Amino acid sequence: MNTTIEQFNFKGLTTFVRVDFNVPLDSERNITDDTRMRAALPTLKKILSDGGKLIIASHLGRPKGIDESLSLKHLLPHLEELLGLKVQFPGDSIGEKVQHAVKSLHNGEALLLENLRFYAEEEGKPRGLSPEASPEEVATAKKEMKQRQRDFADKLASLANCYVNDAFGTAHRAHASTALIADKFPPSNKMFGFLMEKEVKAVEHILQCEAHPFVAIVGGAKVSSKIDILSSLLNKADKLIVTGGMAFTFVVAEGGHIGKSLFELDNIAVAKEILEKAKAQNVELILPLDVVASTEFSNDSERKVFPINAIPKEYMGLDVGPQTRACYKEALHGAKTILWNGPAGVFEMENFRQGTFSLAEAVADATKEGAYSLVGGGDSVACIKLLGMEDKISYVSTGGGALLEAVEGKALPGVVAIQGEK
């Protein structure tokens, strides 16, 4: 039985909490969406209210070394505002300065480490290898880095008595602060945070899926990034809606004409296999019927509606059309379990959001009628938030890649490190 954060008393203990503060920043380094920070508050406040000493750790962006623009110091003022207390910032992740700052913490006080990815050891990937490096040199560099990663995890772990992982968005990565560090703590002193607990339970709900019909919706631009999840869902879902840009590869696989719409020539065979597998397994695979198309990839260009398999050569499909929106609504009617990942159109352009908005409304309607709905992935979540529908969906996940890998049934390193293999 794993320790739960609700049961645990952190009083007097120094606790290392891995959060996901990978928030978007504008050109002035102001936070434009603090959802991920707010999501971690229940965990952070529980530790502080118990009288624990809190170490907060996260990455931000994809730095290739120290990058001032990606320093967590930019998040510090807002973090202090959210927590309602002063947060120390030693300006590093490890070292004497950090050790001294941690030792000076009193019960109920907090400290924020610098961006963990300023250290290559966090991800465990060698940096700066020459493109001309021999296979032997590459192998040696990787081996050396793995040892350095273990040493980095040791140094992080040495700062604390307890470890809490509340960063589901990075749970699919075997990084020093998400997986390796957990091995340094006894089972009684490592656990999921409140957010991570909810994420794991939401995924288990989908994996166990006892309530049918189960309708899965997979959108986005490329089939190549979603092959595994599509194949996996054919073993679980009763209906599979394939939408967004990836649908064009399936339409080409069926012999349709898609004009200038983007598709993946290398994945036509894969699309055919998925179509055949769906038919063989009696899964209703639903493709768009019509599209809102334009001659230019522009928000302000003229828009026309065409059947998805008969788009004129000078046009490209940028959103699903009215027939498709009605089809999706019908497909979701009566659903008992719903998984949605990926937009139905070019969501970043306002004039091509209607299909995704309509999909969100249909998911919300089905949820109101008793379905369990799990929504994850950047644009899908952005759509739900833009429409103010967070309370109309059963669970809105903070994970993109982590959610997909979990639903595929893959073991997530950050989860296994806490609860072991299942």
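Visitor: Before we look at any sheet, when do two strands count as paired?
Guide: Two strands pair if DSSP finds at least two bridges between them. Please keep in mind that this is a predicted model.

Visitor: Fine. Which strands form the open sheet, and in what order?
Guide: Six strands form it, in the order 3-4-2-1-5-6, and their pairing is parallel.

Visitor: Which ones are the edge strands?
Guide: They are strand 3, residues 87-88, and strand 6, residues 190-192. Each of these pairs on one side only.

Visitor: Over how many bridges do strand 5 and strand 6 pair?
Guide: Strand 5, which covers residues 162-165, pairs with strand 6 over three bridges in the parallel sense. Val 164 stands opposite Met 191 of strand 6.

Visitor: What holds strands together in a sheet, generally?
Guide: Strands of a sheet pair through backbone hydrogen bonds, and the pairing is either parallel or antiparallel.

Visitor: Let us step back. How many helices and strands does the protein have?
Guide: There are 15 helices and 17 strands. The radius of gyration is 23 Å, close to the 22 Å that the globule rule gives for 422 residues, so the protein is as compact as a globular protein of that length. Along its principal axes, the C-alpha trace spans about 70 × 55 × 45 Å.

Visitor: What share of the residues is buried?
Guide: Of the 422 residues, 55% count as buried. The protein exposes about 19000 Å², and carbon and sulfur atoms supply 49% of that area.

Visitor: And what about contacts between residues far apart in sequence?
Guide: Among contacts with a separation of 6 or more, 72% are between residues 24 or more positions apart.

Visitor: Back to strands. Why is strand 7 described as largely enclosed?
Guide: Five of its five residues are buried, so strand 7 is largely enclosed by the rest of the structure. Both of its faces are covered. Phe 214, Ala 216 and Val 218 are buried on one side, and Val 215 and Ile 217 are buried on the other.

Visitor: Why do those residues fall on two sides?
Guide: In a regular strand the side chains alternate between the two faces of the sheet.

Visitor: Which strands does strand 7 pair with?
Guide: Strand 7 pairs in the parallel sense with strand 15 over five bridges. It also pairs with strand 8, residues 239-242, in the parallel sense over four bridges. Ala 216 has a bridge partner in each: Leu 339 in strand 15 and Leu 240 in strand 8.

Visitor: Now Asn 341 in strand 15: is it buried or exposed?
Guide: Asn 341 lies in strand 15, residues 337-341. It is buried because its relative accessible area is 5%, and the cut-off for buried is under 20%. Leaving aside neighbours within four places in sequence, its contacts include Ile 217, Val 218 and Gly 219. Lys 226 and Leu 404 are also among them.

Visitor: Where is the cis peptide bond?
Guide: It runs from His 212 to Pro 213, with omega near 10°. Pro 213 lies in the loop between helix 7 (194-208) and strand 7 (214-218).

Visitor: What is the phi of Cys 209?
Guide: Cys 209 has a positive phi of about 20°, although it is not a glycine. Cys 209 is found in the loop between helix 7 and strand 7, and it is buried, with a relative accessible area of 11%.

Visitor: And Asn 282, buried or exposed?
Guide: Asn 282 is exposed, with a relative accessible area of 71%. Its phi is also positive, at about 60°, although Asn 282 is not a glycine. Its place is in the loop between helix 10 (268-280) and strand 10 (284-286).

Conventions: Residues numbered from 1 in each chain as written. Predicted model: local features only at pLDDT ≥ 70, side-chain atom pairs only at ≥ 80, totals over all residues. Heavy atoms only, no water. Helix = DSSP H or I, 4+ residues; strand = E, 2+ residues; numbered from the N terminus. Rg over C-alpha atoms; globule rule 2.2 N^0.38 Å. Buried < 20%, exposed > 50% of the residue type's maximum accessible area, 1.4 Å probe, protein only. Contact = heavy atoms within 4.5 Å. Areas by Shrake-Rupley, 256 points an atom, 1.4 Å probe, with all protein chains shown as cover.
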